[in-house]
Amino acid sequence: MNALKQLGAFVLIVGALFGLNLLLEETINPYVLRVVINCGIAIILALSLNLVNGCAGQFSLGHAGFMGVGAYLSAFLTTVLQIPFFQSGPGVAVAILAGGLAAAVAGYLVGLPSLRLRGDYLAIVTLGFGEIIRITFLNIPEVGGARGLPAIPRVSNFFWVYLIATLTFIILLRIVRSSAGRAIISIRENEIAAESMGINVARYKIVAFVISSFFAGIAGGLFAHYQGFIDPNTFNFTRSVEVVIMVVIGGMGSLSGSIIGAIIVSVLPEVLRGFSQYRLVIFPLVLIVVMLVRPHGLFGFQEVWQVFKKKRVEPKKNAVLNQAEVL
Amino acid sequence: MQSFIQNIINGLAQGSVYALVALGYTMVYGVLQFINFAHSDIFMLGAFAGIYVAAWFAGVNSSILLTCIVMIGSMMFCTAVGLTVERIAYRPLRKAPRLNVLITAIGVSLFLENLGQVVFGSDPRVFPALIQTQSLFGENDVSLNNIQVLVVVVSFVLMFTLQWIVKHTKLGNAMRAVSFDLEVANLMGIPTDRIIMFTFIMGSSLAGVASVLYGLSYPKIEPMMGVILGIKAFVAAVFGGIGSITGAAIGGIVLGLAESFVVYYGLASFRDAIAFGILILILLFRPAGLFGVLRREKV
């Protein structure tokens with residue numbers, strides 16, 4: 001019955017997104033639609049990074065690199081190869097999926113050093129991997145090198161981006177709540193304790209990296225097939241930091257927080273466009289202030305709905321406490 | 001053979017600048033255990049400060065005196081910025097998880113970069129030629145100019161001075177104590193906050209000198225110039241073993257030499273990737289760097 005309910009909810013979401021897609025394309029102006037779609041891609045990126053940064057507690061600064069792998073591989077399949085299959089609708093979907101898998105392989109390779117490194121060292125190594133990936137694309141003439149890769153079929157739209165964002169959210173939520181997810185969280189809490197409880201720390205770190213980069217690759221593929229043009233500098237260090245900011249603002253380990261973080265980080269610059277000169281200055285300031293005032297981000301480790309639920313539960317807790325005092 | 005020597009000369013000059021910046025990273029890391037991402041942007045601000053100081057003192061005739069004034073001005077400015085950053089952004093987080101400090105450091109770094117773009121504009125500026133470049137010997141095969149000599153000499157003098165301060169003065173003793181264990185040092189009556197401030201003063205003023213030396217050899221100054229250079233300097237610090245001053249110096253020079261040879265052998269487009277390649281290799285095979293001591297994690 002429960003499964004049936006969930007299926008129903010999912011069909012409802014798909015229907016709603018499809019309807020919204022038709023509605024939005026008709027009514028709002030292309031600029032706003034563009035912001036909304038980029039926001040959707042940012043949501044996928046932030047959600048996937050949260051698994052590594054927030055849940056596993058492994059600080060990764062190379063997320064744009066995985067996104068780049070996905071974007072380049074899928075665009076290579078659909079644009080450069082000239083195979084008719086990949087120019088059809090399902091072909092593009094297969095290509096984006098292949099991009100995600102390639103990113104997952106890259107994630108596996110980057111995950112390996114994470115077994116030996118922690119904290120700052122890991123951050124700088126992942127940063128290095130991201131840059132190496134970018135510089136490698138710069139030096140491959142087949143995908144345009146520094147000039148970039150133009151004329152990618154523009155097939156992703158609001159419907160696909162948000163459908164995949166929803167799927168990412170559901171899948172990651174299920175993962176985090178499974179025993180594997182708990183194992184991943186225990187690594188963040190205390191690696192040594194986790195290991196002594198019999199958790200294969202090495203394995204779950206790699207699992208987190210692979211899943212996270214898979215979704216980043218998918219986001220990259222969607223991005224490439226939405227923009228229609230990619231160049232290596234789209235996937236630079238700044239992009240990685242942007243995703244990190246989304247995760248940190250939303251709360252490390254809070255998936256719904258990441259969605260809100262992604263919305264804030266991608267919409268705020270557009271709202272501040274009037275102060276275009278200063279928006280890039282305001283941004284890092286927001287980050288510093290969040291770190292100083294709310295060290296765990298807006299929602300901490302909790303999901304958005306838990307934050308509000310807790311307030312209602314609190315009086316009960318106190319009641320029990322008072323009883324205990326009386327006794 | 002001649003080009004081999006030429007590459008060594010170029011690599012030494014470039015590597016000395018990396019080494020000076022790396023010292024700032026290594027000292028802060030040694031004391032507070034976090035990557036001060038803002039260090040590279042303090043370096044960038046130092047270069048801009050150098051441009052302005054040079055313009056103010058344009059009347060000074062002696063080029064050596066002028067260079068000294070510019071260096072001191074840049075050092076003072078960098079120190080002021082470094083101390084402000086430490087006071088406002090890092091000190092409130094002294095007891096916070098390391099991840100938070102790291103994220104704050106990235107925030108400060110982005111803030112300084114973007115502020116630099118607003119204040120100075122994103123077009124590159126030209127660093128004034130305080131000293132006329134003169135070739136000391138050699139025209140075609142091997143050449144060495146006075147600026148390269150100046151860069152290497154000043155860097156080495158500073159590195160040895162720093163080494164002396166850390167190893168043989170009371171202040172240095174306190175710094176080493178703080179880096180060994182901050183809390184215990186505090187209990188032993190060492191004013192840890194003041195020692196941390198001194199660490200930032202030293203690191204930032206070295207960045208100031210490095211920025212002037214960099215400006216003299218590569219006169220293109222822009223707000224984003226610190227990003228890649230900072231990462232490379234950090235790689236140099238890790239290579240030598242973070243927290244070790246000798247290590248940072250050697251790491252910087254090795255990196256400078258490696259880059260110089262990579263460019264010579266026609267892989268110029270991979271120049272920026274070489275640093276990360278070195279980093280990943282060293283961390284995989286010697287996670288504590290060349291001179292670092294691996295501290296075992298205890299429960």
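Which residues are buried in α5(B)? In this predicted model, the buried positions of α5(B) are Q148(B), V151(B), S155(B), L158(B), M159(B) and L162(B). The points below begin with the overall picture of chain A and then turn to the interface, to the helices of chain B and to a few individual residues.

1. Architecture of chain A. A reader new to this structure may begin with the secondary structure, for chain A has 13 helices and 0 strands, and its elements, followed from the N terminus, accordingly run as α after α. The C-alpha trace of chain A spans about 80 × 50 × 50 Å along its principal axes. The radius of gyration of chain A is 21 Å, which agrees with the value near 20 Å that a compact globule of 327 residues would have.

2. Packing within chain A. Of the 327 residues in this chain, 46% count as buried. When contacts in chain A are restricted to residues at least 6 apart in sequence, 83% of them join residues that are at least 24 apart.

3. Confidence in chain A. The mean pLDDT of chain A is 83, and 93% of the residues score at least 70. Among the elements of this chain, helix α9 (residues 201-227) has the highest mean pLDDT, at 92, whereas helix α13 (residues 304-326) has the lowest, at 54. Over residues 313-327 of chain A the pLDDT stays under 50, and for this stretch the model has 0 contacts beyond four places in sequence. A general caution applies here: where pLDDT is low, the predicted coordinates should not be read in detail.

4. The side of chain B that touches chain A. In the model, 32 residues of chain B are in contact with 30 residues of chain A. On the chain B side, the elements that give two or more residues are α4 (98-120) and α11 (271-285) of chain B, and the largest share, 14 residues, comes from α4(B). Sorted by class, this side of chain B has 24 nonpolar, 5 polar and 3 charged residues.

5. Helices α5 and α2 of chain B. Helix α5(B), residues 146-168, has 23 residues and reaches 32 Å from its first C-alpha to its last, close to the 33 Å expected at 1.5 Å a residue. For α2(B), the 18 residues should span 26 Å at 1.5 Å a residue, and the end C-alpha atoms are indeed 26 Å apart, which agrees. Helix α2(B) is mostly covered, with 14 of its 18 residues buried.

6. Helix α8 of chain B and I196(B). Helix α8(B) has 26 residues and reaches 37 Å from its first C-alpha to its last, close to the 38 Å expected at 1.5 Å a residue. Because 19 of the 26 residues of α8(B) are buried, this helix is largely enclosed by the rest of the structure. One residue of this helix, which covers residues 192-217, is I196(B), and I196(B) counts as buried because it has 21 C-beta neighbours inside 10 Å. If neighbours within four places in sequence are left aside, I196(B) is in contact with V31(B), L32(B), E86(B) and V178(B). The C-alpha atoms of I196(B) and M175(B) are separated by 7.7 Å, although the two residues are 21 residues apart along the chain.

7. I211(A) in helix α9 of chain A. I211(A) lies in helix α9 of chain A and is buried, with 20 other C-beta atoms within 10 Å. Not counting residues up to four places away in sequence, I211(A) touches L51(A) and I175(A). The C-alpha atoms of I211(A) and S266(A), which are 55 residues apart along the chain, are separated by 23 Å.

8. Two loop residues whose backbone deserves a look. Most residues other than glycine have a negative phi. Phi of A151(A), however, is near 55°, a positive value in a residue other than glycine; A151(A) is found in the loop between α5 (120-138) and α6 (158-177) of chain A, and it counts as exposed because it has 10 C-beta neighbours inside 10 Å. Phi of Q33(B) is likewise positive, near 55°. Q33(B) lies in the loop between α1 (2-32) and α2 (39-56) of chain B and is partly exposed, with 16 other C-beta atoms within 10 Å.

Definitions and conventions
Residues are numbered from 1 along each chain as its sequence is written. Chains are lettered from A and ligands numbered from 1 in the order in which they are written. This is a predicted model: local features need pLDDT of at least 70, side-chain atom pairs count only at pLDDT 80 or more; totals for chains, interfaces and linings use all residues. Helices (H or I, at least four residues) and strands (E, at least two) are DSSP runs, numbered from the N terminus. A residue is buried if 20 or more other C-beta atoms lie within 10 Å of its own, exposed if 12 or fewer, and partly exposed in between; C-beta atoms are placed from the backbone. Two residues are in contact if their C-beta atoms, placed from the backbone, lie within 7 Å. Ala, Val, Leu, Ile, Met, Phe, Trp, Tyr, Cys and Pro count as nonpolar, Asp, Glu, Lys and Arg as charged, and the others, Gly among them, as polar. The radius of gyration is taken over C-alpha atoms; the globule rule is 2.2 Å times the number of residues to the power 0.38. The expected span of a helix is 1.5 Å times one less than its number of residues. pLDDT is the predictor's confidence in each residue, from 0 to 100.
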